[in-house]
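Thanks for sharing this one. Here are my notes, built around one strand and what surrounds it; please read them with the structure open.

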Amino acid sequence: MTGICTGRVAAVTGAGRGLGRAHALALAAEGAQVVVNDLGVAADGAGSSAGPAQRVADEICALGGRAVAHTGDITTTDGAASLVTTALDAFGRLDALVNNAGFLRDRMLVNLDEDDWNAVLRVHLTGHFLPLKHAAAHWRAEAKAGRTPTARIVNTSSGAGLLGSVGQGNYSAAKAGIVGLTLVAAAELGRYGIQVNALAPAARTRMTEHTFAETMAAPAAGDFDAMAPENVSPLVVWLSSADCDGVTGRIFEAEGGRITVMEGWRPGPTADKGARRTPAEAGETARALLAAAERPQPVYGAR
């Protein structure tokens, strides 16, 4: 297979189903050799199975590509380190990391217990940090040895992380954290030839097909399926390739045929008195500034 990722090796977490599977197949179709990571858990993170990762790896190989399955737990140091080792052992190199693994445990905040909070932050936020850390350590060593890589990390945030989502406080917090992690990683790792970006995808997956059932419904036969996960993957492939040189520290939204560059937090209206205000003065100033500011977009599901 030839394409914009020919000769490159990519590791994709959570690649047994949904978006991750679509990304792995799209990378392979563009010539990448792929490490297909998936722990094979249920939609809420329970259980495990080697089946999903192996099926996707077999699918890639059946189409003429090269892939290996990895079923390590990337929320642990050993599991994340073995993801990098698997790529090196199987293909001799690693060029791109796509962090995608995750699950949901939705609750309103007053009903959200500590275990469900910690589990979602662990798989999304720690599950991004640890693979990123171990891949970056490998690429830094390569750079210090005079072999500066053309390395790419693609993280997965969410509209919930950018705007919030009612009933998903744990998920929204984790996905917002991934944005912050992306910005810091891009700033720290650029000197080693590593570019780091993130996207907030909207697509039909196990995590969305029930939570947003109406939005995610399949279209009539013959109509464009805007919620197909395969629509998101072309941007992931490009961000994993050498072709995106110079693009780092960026957050994208991707849905159907639409790609949006998110502009994030920027200073808005401001006022400086040059001296301390009283609480009443602070409130008066804040209200005046709010009146001049753009209204925020509504939180998903807010009423």
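1. A good place to begin is one residue pair. This is a predicted model, and in it leucine 97 has isoleucine 153, in β5, as its bridge partner. The two strands involved, β4 (residues 96-98) and β5, pair in the parallel sense, with three bridges between them.

2. On its other neighbour, β5 pairs with β6 (residues 194-202), again in the parallel sense, here over six bridges. Valine 154 has asparagine 197 in β6 as its bridge partner.

3. Is β5 enclosed or open to the outside? Six of the six residues of this strand (residues 151-156) are buried, so β5 is largely enclosed by the rest of the structure. Side chains in a regular strand alternate between the two faces of the sheet. In β5 both faces are covered: one side carries Ala151, Ile153 and Asn155, the other Arg152, Val154 and Thr156, and all of these are buried.

4. Stepping back to the whole sheet, you will find eight strands in an open arrangement, ordered β3-β2-β1-β4-β5-β6-β7-β8, with mixed pairing. At the edges are β3 (67-70) and β8 (258-262), each of which pairs on one side only. On average, neighbouring strands of this sheet are turned by 20 degrees against each other, ignoring direction.

5. Further along that order, β6 and β7 (residues 251-255) pair over five bridges, in the parallel sense. Here alanine 198 stands opposite isoleucine 251 in β7.

6. Which helix links β4 and β5 in a β-α-β unit? That is α4 (residues 114-144), and the unit is right-handed. Helix α4 lies across β4, β5 and β6 and runs at about 175 degrees to β5.

7. Do look at α8 (residues 233-240) as well. This helix lies across β4, β5, β6, β7 and β8, and its direction is at about 150 degrees to β5.

8. My last point concerns helix packing. Helices α4 and α6 (residues 169-189) pack at an angle of about 15 degrees, with 8 Å between their axes. With angles under 35 degrees counted as roughly parallel, that makes α4 roughly parallel to α6. Their crossing is right-handed. The residues of α4 that meet α6 include Trp117, Leu121, Leu125, Phe129 and Leu132; on the α6 side, Tyr171, Ala174, Ile178 and Leu181 are among those in the contact.

Notes:
Residues numbered from 1 in each chain as written. Predicted model: local features only at pLDDT ≥ 70, side-chain atom pairs only at ≥ 80, totals over all residues. Heavy atoms only, no water. Buried < 20%, exposed > 50% of the residue type's maximum accessible area, 1.4 Å probe, protein only. Helix = DSSP H or I, 4+ residues; strand = E, 2+ residues; numbered from the N terminus. Pairing = 2+ DSSP bridges. Right-handed = clockwise from strand over helix to strand, strands pointing away. Axes fitted to C-alpha atoms, helices over the stretch in contact; angles between N-to-C directions. Contact = heavy atoms within 4.5 Å. Parallel < 35°, antiparallel > 145°, perpendicular 65-115°, else oblique. Left-handed = near helix turned anticlockwise from the far one by under 90°.
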